[in-house]
Structure formats: C-alpha cells, structure tokens
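Thanks, everyone, for making the time. I would like to walk through one model this morning, beginning with its pocket and then moving to the contacts around it.

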Amino acid sequence: MTPKSDTGSGLRPSLLRRLLAAWSTRRRRLAAERELQALSEHELKDLGIGRSEIPALARAPR
C-alpha cells in the first residue's frame with residue numbers, strides 16, 4: 001500500500017479545500033470593495049462606476 005497524503009475520509013480534504021477557497025474569495029471580494037469605497041466620487045466617475053455598483057463589481061468573476 002502506498003501512503004496517502006490526505007488523512008481521514010475523502011470528503012474532509014475536499015470540504016476543507018472548498019471552505020478555504022470560499023474564505024479566500026470572500027476576503028478578496030471584501031478587499032476590492034473596500035478599495036473602491038475609498039475612492040472619491042470624482043475618481044469613481046472617471047472609472048465610470050457609481051457607488052451603488054461597487055458591491056456587484058466586487059462580486060463579478062475575474
């Protein structure tokens with residue numbers, strides 16, 4: 001038998017990876033949202049973004 005790098009059942013590592021990926025995605029989204037919220041109205045207008053659009057833009061896939 002060859003030793004596995006994962007311990008426990010097959011579900012746990014997969015679940016852990018998904019949780020970590022979701023957590024990482026959420027952190028990136030919140031960071032992007034904070035950055036955009038920190039911009040002035042003039043800077044947002046230059047980018048063609050309204051302040052109300054920021055949450056949707058932060059959630060958009062890259």
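The largest pocket has a volume of about 170 Å³. Since those words depend on the method, here is how they are set: on a 1 Å grid over the protein atoms alone, a pocket is an open set of points where a 1.4 Å probe fits, with protein on both sides within 12 Å along at least five of seven lines, and lining residues have an atom within 4 Å of a point. The points are joined across faces, edges and corners, and the volume is the space filled by probe spheres set on them.

Before going further, please keep in mind that this is a predicted model, in which local features need pLDDT of at least 70 and side-chain atom pairs count only at pLDDT 80 or more, while totals for chains, interfaces and linings use all residues. Residues are numbered from 1 along each chain as its sequence is written, and side-chain values use heavy atoms, with hydrogens and water left out.

Which residues line the largest pocket? They are T25, R28, R29, A32, L57, A58, R59, A60, P61 and R62. Two elements, α1 (11-37) and α3 (54-59), give two or more residues each to this lining, and α1 supplies the largest share, with 4 residues. By character, the lining divides into 5 nonpolar, 1 polar and 4 charged residues, where nonpolar covers Ala, Val, Leu, Ile, Met, Phe, Trp, Tyr, Cys and Pro, charged covers Asp, Glu, Lys and Arg, and polar covers the others, Gly among them.

Stepping back to the whole chain, the protein has 3 helices and 0 strands, and from the N terminus on the order is α-α-α. Helices here are DSSP runs of H or I with at least four residues, strands are runs of E with at least two, and both are numbered from the N terminus. Of the 62 residues in the protein, 13% are buried, which is to say under 20% relative accessible area, with exposed meaning over 50% and partly exposed in between, using a 1.4 Å probe and protein chains only. The protein exposes about 5,600 Å², of which carbon and sulfur atoms supply 58%; the areas come from the Shrake-Rupley method with a 1.4 Å probe, and for residues only the protein chains shown count as cover.

Let me return to one of the lining residues, R29, which is found in helix α1. R29 counts as buried because its relative accessibility is 19%, and, leaving aside its neighbours within four places in sequence, R29 is in contact with A58 and R59, contact meaning heavy atoms within 4.5 Å.

How many salt bridges does a search of the whole structure find? There are 2, taking a salt bridge as a side-chain nitrogen of Lys or Arg within 4 Å of a carboxyl oxygen of Asp or Glu. One of them joins E33 to R29, with the closest N and O atoms 3.1 Å apart. The two residues are 4 residues apart in helix α1, so about one helical turn separates them. E33 is buried as well, with a relative accessible area of 17%, and, not counting residues up to four places away in sequence, E33 touches I54, P55 and A58.

The other pair is R51 with E41, whose closest N and O atoms are 2.6 Å apart. R51 lies in the loop between α2 (41-47) and α3, whereas E41 is in helix α2, so this pair ties together parts that are 10 residues apart in sequence. R51 is partly exposed at 28% relative accessible area, and E41 is exposed at 51%.

Finally, consider L44, which lies in helix α2. Is L44 buried or exposed? L44 is buried, with a relative accessible area of 1%, and, with residues up to four places away in sequence not counted, L44 touches L36, L39, I49, R51 and I54. The C-alpha atoms of L44 and I54, which are 10 residues apart along the chain, are separated by 9.6 Å.

L39, one of those partners of L44, lies in the loop between α1 and α2 and is partly exposed, with a relative accessible area of 25%. On the same exclusion of residues up to four places away, L39 touches L44, L47 and R51, and the C-alpha atoms of L39 and R51, 12 residues apart along the chain, are separated by 9.3 Å.
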